[in-house]
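Trainee: Please take me through the hollows of this model in one close look, residue by residue where that helps, and carry on to whatever is bound there and to any unusual backbone angles.

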Amino acid sequence: MEDTLRPFVPAYHGVVQRDEQDYNMMDNLLTHFDSPAIMDCKMGSRTYLEEELLLARERPQPREDMYEKMVAVDPEAPTFQERAQQAVLKTRYMQWRETLSSTTNLGFRIEGFRKPNKECHTNFKRTKSRDQVMEALDNFVESNTQIVLGYLRRLKQLRQVLEASDFFRTHEVVGSSLLFVHDWTGMTGVWMIDFGKTVALPSQITLDHRTPWVEGNREDGYLWGLDNLIDILANMLPLT
Ligand SMILES: O=P(O)(O)O[C@H]1[C@H](O)[C@@H](OP(=O)(O)O)[C@H](OP(=O)(O)O)[C@@H](OP(=O)(O)O)[C@H]1O
Ligand SMILES: Nc1ncnc2c1ncn2[C@@H]1O[C@H](COP(=O)(O)OP(=O)(O)O)[C@@H](O)[C@H]1O
């Protein structure tokens, strides 16, 4: 990854083997915080790669585990055929999760957060509207304006860097998260994590990450989501 993005990703220290398993070594982003609050926001308007969609068409592999996860949230969600199979395709499950949450309408969703007292909040599968998202963010920052300002500053810097980045322009970035961290001293940080589904584009394609996705254009809605996230945080500030 290029130099300009380096302050926004954990430093990577290669692969290590433990008990015949490979592990990616990277900096612990929580090191300099004191009892931090942590939030994971999954960015983008789409959470599966275009190549996953093609594969699902060529070799459909219905998933029973995803059917179970689906009915646990909404017993009415499966179609007649899915009910008969007691299984759903991964892309169908992912699309259902996207429309249920704010991924489709805002281009990001809250996956979960942990408060400094270690209380975990992970029940955001149906957190969809602007107001619902704002309420959850306000809970995370405990209505602290200084924390919101710190996050806004950092997110605006990240947006500037991403808009000018050749790496970003030439990669489809799907399922990647922003990790938000703050503590009682008022220190804040935001980093990009989880690049498991970040793929280089063919040389003739570049993305602006804002144009709506239609199959084939590879757009992922990352910057559109970041715009919405910045806008929502800015609207949480008291009027001056
Ligand atoms: O969040 P829930 O509803 O449980 O669904 C999960 C997440 O979407 C995972 O993405 P992430 O790891 O980014 O959170 C995804 O892994 P992938 O990133 O591999 O697609 C899982 O797919 P499977 O690993 O195939 O089950 C899927 O089951
Ligand atoms: N460099 C890091 N420093 C501290 N915590 C991290 C770091 N990377 C990931 N995490 C924590 O681990 C969680 C899962 O990370 P992620 O990269 O999404 O892994 P996975 O794809 O296995 O879910 C994040 O939400 C965050 O809380």
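**The pockets, the cavity and the ligand site**

Mentor: The largest contribution to the lining of the second largest pocket comes from α1, which provides 3 residues. Everything that follows concerns a predicted model, and I will stay with this pocket before turning to the others. Two helices, α1 (50-58) and α4 (90-100), each supply at least two residues of its lining. The full set for the second largest pocket is Glu52, Leu55, Ala56, Arg59, Gln61, Arg63, Leu89, Lys90 and Thr91, and by class these residues divide into 4 charged, 3 nonpolar and 2 polar. The volume of the second largest pocket is about 220 Å³.

The loop that leads from α3 (80-85) to α4 holds glutamine 86, a residue with a positive phi of about 55 degrees although it is not a glycine. Such a value deserves attention because most residues other than glycine have a negative phi. Glutamine 86 counts as partly exposed because its relative accessibility is 40%, a value that lies between the limits of 20% and 50%. A second residue to examine in this way is lysine 118, in the loop between β4 (108-114) and β5 (120-121), where phi is positive at about 75 degrees although the residue is not a glycine. Lysine 118 has a relative accessibility of 56% and therefore counts as exposed, the cut-off for that class being over 50%.

The largest pocket has a volume of about 330 Å³. Its lining consists of Met1, Arg6, Val9, Pro10, Ala11, Tyr12, Asn24, Met26, Ile193, Asp194 and Phe195, and the division by class is 8 nonpolar, 1 polar and 2 charged. Several of these names return when one turns to ligand 2: Pro10, Met26, Ile193 and Asp194 line the largest pocket, and they are among the residues that surround ligand 2.

The rest of the shell around ligand 2 is made up of Asp27, Asn28, Leu29, Asp40 and Leu179, and taken as a whole the shell divides into 5 nonpolar, 1 polar and 3 charged residues. Within it, a nitrogen atom of ligand 2 lies 2.9 Å from a backbone N or O atom of aspartate 27, and a backbone N or O atom of leucine 29 is likewise 2.9 Å from a nitrogen atom of the ligand. With aspartate 194 it is the side chain that takes part, an N or O atom of it being 2.9 Å from an oxygen atom of ligand 2. As for how far the protein covers the ligand, ligand 2 taken alone exposes 550 Å², and the protein buries 53% of that.

There remains the enclosed space, where the count comes to 1 cavity of 30 Å³ or more, with a volume of about 30 Å³. The residues lining the cavity are Met1, Leu5, Leu162, Phe167, Phe168, Val173, Met192, Phe195 and Thr198. By class, this lining has 8 nonpolar residues, 1 polar residue and no charged residues. Met1 and Phe195 belong to the lining of the cavity as well as to that of the largest pocket, so that these two residues link the two descriptions on the strength of how lining residues are defined, namely by having an atom within 4 Å of a point of the cavity or pocket.

Key: Residues are numbered from 1 along each chain as its sequence is written. Chains are lettered from A and ligands numbered from 1 in the order in which they are written. This is a predicted model: local features need pLDDT of at least 70, side-chain atom pairs count only at pLDDT 80 or more; totals for chains, interfaces and linings use all residues. Side-chain values use heavy atoms; hydrogens and water are left out. A residue is near a molecule or strand if one of its heavy atoms lies within 4 Å of it. A polar contact is a pair of N or O atoms within 3.5 Å; within protein, one must be able to donate a hydrogen and the other to accept it, and residues adjacent in sequence count only if both atoms are side-chain atoms. Accessible areas come from the Shrake-Rupley method with a 1.4 Å probe; for residues, only the protein chains shown count as cover. Ala, Val, Leu, Ile, Met, Phe, Trp, Tyr, Cys and Pro count as nonpolar, Asp, Glu, Lys and Arg as charged, and the others, Gly among them, as polar. On a 1 Å grid over the protein atoms alone, a cavity is a set of points where a 1.4 Å probe fits but cannot get out, and a pocket is an open set with protein on both sides within 12 Å along at least five of seven lines; lining residues have an atom within 4 Å of a point. Grid points are joined across faces, edges and corners, and a volume is the space filled by probe spheres set on the points. Helices (H or I, at least four residues) and strands (E, at least two) are DSSP runs, numbered from the N terminus. Buried means under 20% relative accessible area, exposed over 50%, partly exposed in between (1.4 Å probe, protein chains only).
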